[in-house]
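Hi,

Here is the structure I said I would pass on. Have a look at it first, and then read my notes on the charged side chains underneath.

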Amino acid sequence: FDFKGYTHTDRRQEERRKRLERRANTRRISSDRRQELSKTELVNAMIRDKGLSSDQKSQQVLVPPSTSGAGQRKPNLLLVDDNPDMLKILILALKKEYNLTTAFDGAQALREAKKIKPDLIISDIMMPVISGSELCQKIKADADLRHTPVILITSKVEITSKLDSFEQGADDYITKPFDTRELSAKIKALLHLKEMVAEFNQLEKMNSIGRLAAGLSHEINN
C-alpha cells in the first residue's frame, strides 16, 4: 500500500478507467464530426458528378465565384436546407447563373450570411437549431443584413402559412413541390428590386449632397 491508501492495482485500474473514458469521448466527438460532415460530403459529391475539380469548391461554397457576360458579377445566393436532396435540386437549378453557398440549418446560415453578405437567401422553414422563420427574423433585425431578400420554402399551402411568411419578414415564398422556373423568376424579380432600391438610395444621397453644397454655397456668398 502507498501512503494514500491505494494499492498499485487500484491505481492501474483508475488509470485504465481514465484512458477508456478519453477513448470514448474521442470516439463520440469523431462520430459527431462524421455526422456533421456527411451531409456536406453528400452534396459535394453531387458537385463532383458535374465535373468540378476539388480546387473549385470548399465545404461551404459549392460553386466558385465567377462572372457572367461582359465582366458582370454573378449574384451570391445562400441556400439553406437540412435535406441534401432539396439542396441538390436548388444547386442544379441555380449554379449556372449564381454563386452558391450552402448551409444545413439556420444557425450555420446566419454565420455564413454575416461572413459573405449574400445578395439573396433561400431557406426552408422546417429546420433544426434555428428554423427558417427564425433565421428570417434575425436577418431582418441585423443592420448589415436587413436589406437582403429572403425567400422561404414551405410545404404548407394554407393562406395563413403564406401570411405568416410575410409577417416574419420574408420577401417572398414558394410552396413545395415547386417549378424551378418559378423560383428563378422570383429570384430575378427580388434581385432587380434590390438593385433599383440601391440606385434610388444612391440618387437620394447624391441629391442630399447637392442640396447641402447649394446651401453652403449660398451661405458663403452671403
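What follows is a short tour of the salt bridges, plus one lysine that goes without.

Before anything else, please keep in mind that this is a predicted model. The salt bridge count comes to nine, and I'll go through three of them here.

Let's start with D119, which sits in the loop between α3 (106-116) and β5 (120-124). D119 pairs with R73, and their closest N and O atoms are 3.2 Å apart. R73 belongs to strand β2, and with the two positions 46 residues apart, the pair links distant parts of the chain. The two ends sit in different surroundings as far as accessibility goes: D119 is buried at 14% relative accessibility, whereas R73 is partly exposed, with a relative accessible area of 48%.

D119 also meets K194 in a salt bridge, at 3.9 Å from N to O. This is another link between distant parts of the chain, as K194 lies in helix α6 (residues 180-221), 75 residues away from D119. Like R73, K194 comes out as partly exposed, with a relative accessible area of 28%. Put together, the shared partner joins R73, D119 and K194 into one network.

For a local example, go to helix α3, where E112 and K115 lie three residues apart, or about one turn of the helix. These two form a salt bridge, with the closest N and O atoms at 3.3 Å. Here again a buried acid faces a basic partner that is more open: E112 has 7% relative accessibility and counts as buried, while K115, at 59%, counts as exposed.

Now for the lysine I mentioned. Which charged side chain is buried yet has no salt bridge? That is K74, in the loop between β2 (72-73) and β3 (76-80). Why does K74 go unpaired, given that opposite charges can be found in the chain? A salt bridge needs the side-chain nitrogen within 4 Å of a carboxyl oxygen, and the nearest side chain of opposite charge, E97, is 8.8 Å from K74, so that pair does not qualify. What K74 does have is a backbone partner: a polar atom of the K74 side chain lies 2.8 Å from the backbone oxygen of K96.

If you only open two spots in the viewer, I'd pick the D119 network with R73 and K194, and then buried K74 beside the backbone oxygen of K96.

Cheers

Methods. Residues are numbered from 1 along each chain as its sequence is written. This is a predicted model: local features need pLDDT of at least 70, side-chain atom pairs count only at pLDDT 80 or more; totals for chains, interfaces and linings use all residues. Side-chain values use heavy atoms; hydrogens and water are left out. Helices (H or I, at least four residues) and strands (E, at least two) are DSSP runs, numbered from the N terminus. Buried means under 20% relative accessible area, exposed over 50%, partly exposed in between (1.4 Å probe, protein chains only). Lys and Arg count as positive and Asp and Glu as negative; His and the chain ends are not counted. A polar contact is a pair of N or O atoms within 3.5 Å; within protein, one must be able to donate a hydrogen and the other to accept it, and residues adjacent in sequence count only if both atoms are side-chain atoms.
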